[in-house]
Amino acid sequence: MHVAIADETKTLAQAAHRVLLSMDVQTTLTGSLRELPLVFEASGLPDLMIVNVLSDLSGWEVAAHLQRAGYQGRLLAFVDGDLADSRIRPLTQLPNVECVAWPTSPALLEDILRKAVPGTAINQARSPSLSSASKYQGIIGESPQMYNIFALIDKAARGDVNVCIHGESGTGKELIARAIHYASPRRDRPLITLDCTTIPEGLMESHLFGHVKGAFTGATKHREGVFSLAHTGTLFIDELGELSPRLQAKLLRVIQTREFSKVGGSKPIRTDIRLITATHTDLKAAVAQCTFREDLYYRVAVFMIKVPALRERAEDIPLLINHFLRTFSATYGKPVMKVAPSTLERLIALPWPGNVRQLENFLEQAVVLAEGDALVERDLIAGDLAGMMGAAATPALTGQQFEPGLPLAEVERRHVLRTLQKAHGNRTQAARLLQISVRGLQYKLKTYGRQADATS
């Protein structure tokens, strides 16, 4: 298997290269799409092309560069921005292409690459539980609760029934939606995601249904909404409970009639989608409180999947720890591959209010900062973990983290790590709190890893 990666920033290329190297996959890296003809002449046409589509690069440009290089094979495009942006539209029209959002964590990057590169050594060497992870889009578990989730995924994937996934933040609701889509008859069609928490109320209708030029102030060009982009495929709406009553009514009508109109337009547009929704709130309770429409609830929750919190399946924590340690040790070039027995017992006993996302984020920090080849008690430094353990033995990341005389760079490092913990590992949310870009946050984490290597 030969994979070529084009990435001007080198950030995604280097991370993907480390993951693919652990999978025994040959990779070729280039910093520019313009260099592809020379790259292909030297190394041959790849089996898979990965492109980092930056905000100043259009889909037409990517397609043109690939055509000039003579490449017509599979394309995996990581999009830095909105998947619904019209500049990305030309890519979705190419054969054998999948457009995905820029991965917010190394674990998500590995999950995407593992799906894109099947049958590799890393897949063949996995334990039964990790083999199920490949089948179910990176979902890991051997507990009875997770076997029940796997069974529900298989049942939901057989048809087009509307699915609602209910679970706490960080439990993997989007992974379940992906697993349903890629096991369904629509697996070769688009999977489009819309997160209702990331879009202002005034722009939500445009993101859902699109708008015509001049529909409102700032609408300087036509825009396709997610219902158009997901046509013949699957639309995943995350945090559905955040929709306003007005948009709940519009969504209900689209579900009932299979038609919608763009904002500012009058022409009805037919849509053929499979709808999957997710929420961390109890929609039944929201119906009782008159904050969510009862008729919409019965339309979207035809098939309900309740995702267990991590504390409800603690027996899966060792499996998850092994998975994340392997991922982050490869990503950051660190030898940390195990956890001391006493430390593992403490990790299993913690309540993990941020669930799998919080565990993932903690282990990433721990691998970056660890000094040996195993995590031990002193590596349990994260502020939220100290609170969960009721410990006062970790002042470095609690109230005294900014003691006088501390170097400014160390103050920043500790503040960044604590903010990640506050966001329960959600890098997008953490970057928003820090008022920096997600890419800037990822660069800082990599820098901290290199600093830890230099001092060990």
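This briefing describes a parallel sheet and a set of salt bridges in one structure. The model is predicted. Its sheet is open and built from 5 strands with parallel pairing. The structure also holds 12 salt bridges, including a pair between Lys-115 and Glu-98 and a pair between Arg-246 and Glu-205.

**The open sheet**

- The 5 strands follow the order E7-E10-E13-E6-E14, and their pairing is parallel.
- Strand E7 (191-195) and strand E14 (303-306) stand at the edges; each has a single partner strand, so one side of each lacks a neighbour in the sheet.
- From one strand to the next, the twist averages 15 degrees.
- Strands of a sheet pair through backbone hydrogen bonds, in either a parallel or an antiparallel manner.
- E7 and strand E10 (residues 234-238) run parallel and are joined by 5 bridges.
- Leu-191 has Thr-234 in E10 as its bridge partner.

**Salt bridge between Lys-115 and Glu-98**

- Side chains of opposite charge can pair when their charged atoms come close.
- In the salt bridge of Lys-115 with Glu-98, the closest N and O atoms are 3.5 Å apart.
- Lys-115 belongs to helix H5 (residues 106-116) and Glu-98 to strand E5 (residues 97-101), so the pair ties together parts that lie 17 residues apart in sequence.
- Lys-115 is partly exposed, its relative accessible area being 28%, whereas Glu-98 is buried, with a relative accessible area of 19%.
- Glu-98 is classed as buried because its 19% falls under the 20% cut-off.

**Salt bridge between Arg-246 and Glu-205**

- The side chains of Arg-246 and Glu-205 form a salt bridge with an N to O distance of 2.9 Å.
- This pair links distant parts of the chain, with Arg-246 in helix H12 (residues 245-257) and Glu-205 in helix H10 (residues 201-209), 41 residues apart.
- Arg-246 counts as partly exposed at 44% relative accessibility, while Glu-205 counts as buried at 16%.

**Further salt bridges**

- Asp-295 and Arg-293 meet through their side chains in a salt bridge of 2.8 Å, N to O.
- Asp-295 counts as partly exposed at 33% relative accessibility, and Arg-293 counts as partly exposed at 32%.
- A network of salt bridges links Asp-160, Arg-186 and Asp-272.

Note on methods
Residues are numbered from 1 along each chain as its sequence is written. This is a predicted model: local features need pLDDT of at least 70, side-chain atom pairs count only at pLDDT 80 or more; totals for chains, interfaces and linings use all residues. Side-chain values use heavy atoms; hydrogens and water are left out. Two strands pair if DSSP finds at least two bridges between them. Helices (H or I, at least four residues) and strands (E, at least two) are DSSP runs, numbered from the N terminus. Axes are lines fitted to C-alpha atoms, for helices over the stretch in contact, and angles run from 0 to 180 degrees between N-to-C directions. A salt bridge is a side-chain nitrogen of Lys or Arg within 4 Å of a carboxyl oxygen of Asp or Glu. Buried means under 20% relative accessible area, exposed over 50%, partly exposed in between (1.4 Å probe, protein chains only).
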